[in-house]
Amino acid sequence: VAASEGRRTRPLGGVFHPRTRLLDHDDVGRALRRMAHEIVERNSGLEGVVLVGLQRGGVPFASALAANLTEIEHVDVPVGALDVAFYRDDVATRPVLPEAATSIPVDLSGRTVVLVDDVLFTGRTVRAALHALSEFGRAARVQLAVLVDRGHRELPIRPDYVGKNLPTSRDESLLATLDGVELGEMVVG
Amino acid sequence: MTPADSLLGQDLLSVSQLSKEGIVEVLEVAEAFAEVSRRSVPKVPTLRGKQVTTLFFEESTRTRLSFETAARRLSADVASLAVAQSSVQKGESLRDTVETVEALGADVLIVRHRASGAPAQVAQWVRRARVVNAGDGWHEHPTQALLDAFSVRAAVSDARGHSSEGSGASVFEGLRVLIVGDVRHSRVARSEVLAYTALGARVTLCAPGSLLPRDAQDWPVDIAPVLDDALGETDVVSLLRLQTERGSGSHVPTLAEYTATHGLTERRAALLKPDTVITHPGPMARGVEIASSVADAQNALIVRQVENGVAVRMAILFLVLGGEPTLLEPAP
């Protein structure tokens with residue numbers, strides 16, 4: 001699976017076996033362009049906006065959104081990457097490994113932070129991300145952009161920008177990359 | 001025992017329990033903690049509510065401080081048994097001490113002991129807690145060897161102009177490591193040989209005959225008879241301390257003679273390639289195993305080893321307390 005090849009640590013949770021293709025490369029590109037326009041509209045421009053991708057799945061989407069924003073508004077938006085492993089609430093109950101080191105290029109105090117992730121599921125990753133973000137300054141506001149919202153929230157968290165709502169069952173898995181979105185299962189072994 | 005590819009949920013008693021992949025996992029997780037250590041508030045909530053207890057039957061202030069700093073940066077509670085003032089002095093057995101400390105809530109025991117194998121014995125007595133070996137007799141000092149490997153990987157990657165993060169074991173392929181000094185009494189040397197060879201480096205030992213282990217010819221290493229001849233080829237020089245408290249003093253005629261044959265003097269340092277890095281586990285005896293000016297040179301990693309030691313020990317505490325590897329749950 002392409003998403004696991006860049007990992008520094010061995011994939012936990014098994015290997016993704018795709019079953020159905022839900023979005024293709026062009027669908028993802030169109031969704032990102034629309035989300036970029038929504039970000040500009042909601043914030044009346046890009047003054048003080050910082051994109052922060054969640055390691056590792058959200059990082060390519062943060063870069064792609066930043067490229068779209070530059071095309072629309074002709075300014076460069078700072079892009080960071082955040083690993084939330086150290087802030088998760090399930091460290092002792094399942095294997096959790098950091099995907100890559102965090103890198104936040106600017107002090108977030110007073111900025112508008114747009115958290116970017118590939119898939120929104122239980123909301124626990126976003127909760128951990130909100131905690132982790134606070135280490136880098138007091139952001140004026142934090143917004144959430146996800147390519148796919150698959151439902152099954154366990155916490156009161158909602159996205160501000162959504163590429164596609166895709167209802168799923170709990171035991172299915174989704175793989176979202178810039179190349180497309182596939183539904184399938186994780187196979188352990 | 002087959003070396004494991006992960007330290008998750010395991011005790012850390014010896015480097016030999018880890019495969020190359022297992023060692024690389026520690027180095028990569030430590031990179032993420034090195035970033036935490038560079039923050040203005042170098043603290044994460046990861047191990048909130050966990051208790052890390054140091055149990056040092058042989059005093060080592062710097063190693064204990066490094067573990068305790070690592071535990072605090074992970075938001076763990078730290079307890080520390082000052083053996084010199086404890087019931088151990090009243091004749092309490094090691095087993096009773098361990099059971100007491102575990103009953104007081106320890107989730108990890110950091111054990112240093114002058115007897116080789118003591119941490120492994122402790123690991124059999126505990127019911128639930130994880131055990132980390134912080135140095136046992138002449139046997140092993142696994143966390144030191146892992147932080148040495150981390151420091152070498154960072155410095156060599158930097159010199160070659162790429163990031164160490166995500167570089168796996170690539171910088172160790174064919175890397176020449178020269179370990180100099182009291183190998184016989186050194187647990188650091190034993191752990192380093194295991195770590196560097198597992199990662200793919202070529203290790204050479206150089207020591208006075210009386211300070212080489214008796215079974216050194218069975219180790220996966222070369223032996224250099226003359227230090228001067230080995231210096232020009234090596235990429236890493238790992239210096240060891242003369243363990244006078246473990247009897248190495250009686251194995252060399254005088255410290256001055258040791259310096260004359262095996263000290264890294266200014267003259268010898270000039271024989272090194274310009275990019276060769278020097279490590280020392282500390283505390284160092286300036287003027288004995290290393291000249292003062294050499295210890296302060298740019299290519300000596302000694303202070304960076306101390307800094308990296310905290311990040312590597314954070315990674316080790318994080319991994320040994322990690323969830324059961326069998327409880328796999330698909331990541332969202």
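Colleague: What makes β7(A) and β8(A) count as paired strands?

Modeller: The bridge count: 5 bridges join β7(A) to β8 (residues 180-187) of chain A. Two strands pair if DSSP finds at least two bridges between them, so these two qualify. They run antiparallel, and T177(A) stands opposite G180(A) in β8(A). Strands are DSSP E runs of at least two residues and helices are H or I runs of at least four, both numbered from the N terminus.

Modeller: Some ground rules: this is a predicted model, in which local features need pLDDT of at least 70 and side-chain atom pairs count only at pLDDT 80 or more, while totals for chains, interfaces and linings use all residues. Residues are numbered from 1 along each chain as its sequence is written, chains are lettered from A and ligands numbered from 1 in the order written, and side-chain values use heavy atoms, without hydrogens and water.

Colleague: Fine. What is the strand order in the open sheet that holds β8(A), and which strands are at its edges?

Modeller: The order is β1-β8-β7 (chain A), with antiparallel pairing. β1 (15-24) and β7 (173-177) of chain A are the edge strands, since each pairs on one side only. Neighbouring strands are turned by 30° against each other on average, direction ignored. Helix α2(A) packs on this sheet, touching β1, β7 and β8 of chain A, and its direction makes about 70° with that of β1(A). Touching here is a contact, that is, heavy atoms within 4.5 Å.

Colleague: And the sheet with β4(A) and β5(A): why are β3(A) and β6(A) its edges?

Modeller: That open sheet has 5 strands in the order β3-β2-β4-β5-β6 (chain A), with parallel pairing. β3 (79-82) and β6 (161-165) each have a single partner strand, so one side of each has no neighbour in the sheet. Here the average turn between neighbours is 25°, direction ignored. α2(A) packs on this sheet as well, touching β4, β5 and β6 of chain A, at about 150° to β6(A). α3(A) lies across β2 (49-54), β3, β4 and β5 of chain A, running at about 155° to β2(A).

Colleague: How do you know that β4(A) and β5(A) pair?

Modeller: Bridges again: 8 of them join β4 (residues 112-120) to β5 (residues 141-149) of chain A, and the two run parallel. V116(A), for one, stands opposite A145(A) in β5(A).

Colleague: Why is α2(A) called oblique to α3(A)?

Modeller: α2 (residues 25-42) and α3 (residues 59-73) of chain A come within 9 Å and cross at roughly 60°. Such a value makes α2(A) oblique to α3(A): under 35 degrees would be roughly parallel, over 145 roughly antiparallel, 65 to 115 roughly perpendicular, and the rest is oblique. Axes are lines fitted to C-alpha atoms, for helices over the stretch in contact, with angles from 0 to 180 degrees between N-to-C directions. The crossing is right-handed, meaning the near helix is turned clockwise from the far one by less than a right angle (left-handed if anticlockwise).

Colleague: What is the class make-up of that contact?

Modeller: It has 11 nonpolar, 2 polar and 2 charged residues. Nonpolar covers Ala, Val, Leu, Ile, Met, Phe, Trp, Tyr, Cys and Pro; Asp, Glu, Lys and Arg are charged; the others, Gly among them, are polar.

Colleague: Over to chain B: how do α1(B) and α11(B) get classified?

Modeller: α1 (residues 20-37) and α11 (residues 302-320) of chain B pack at about 120°, with axes 7 Å apart, and are therefore oblique. α1(B) passes α11(B) in a right-handed crossing. The contact divides into 13 nonpolar, 1 polar and 1 charged residue.

Colleague: And what about α5(B) on α6(B)?

Modeller: α5 (residues 142-159) and α6 (residues 187-199) of chain B pack at about 50°, with axes 8 Å apart, so they are oblique too. This crossing is right-handed, and its residues divide into 8 nonpolar, 2 polar and 2 charged.

Colleague: How do you know that R42(A) and D160(A) form a salt bridge?

Modeller: The closest N and O atoms are 3.3 Å apart. The cut-off puts a side-chain nitrogen of Lys or Arg within 4 Å of a carboxyl oxygen of Asp or Glu, so the pair passes. R42(A) lies in helix α2 and D160(A) in the loop between β5 and β6 of chain A, so this bridge ties together parts 118 residues apart in sequence.
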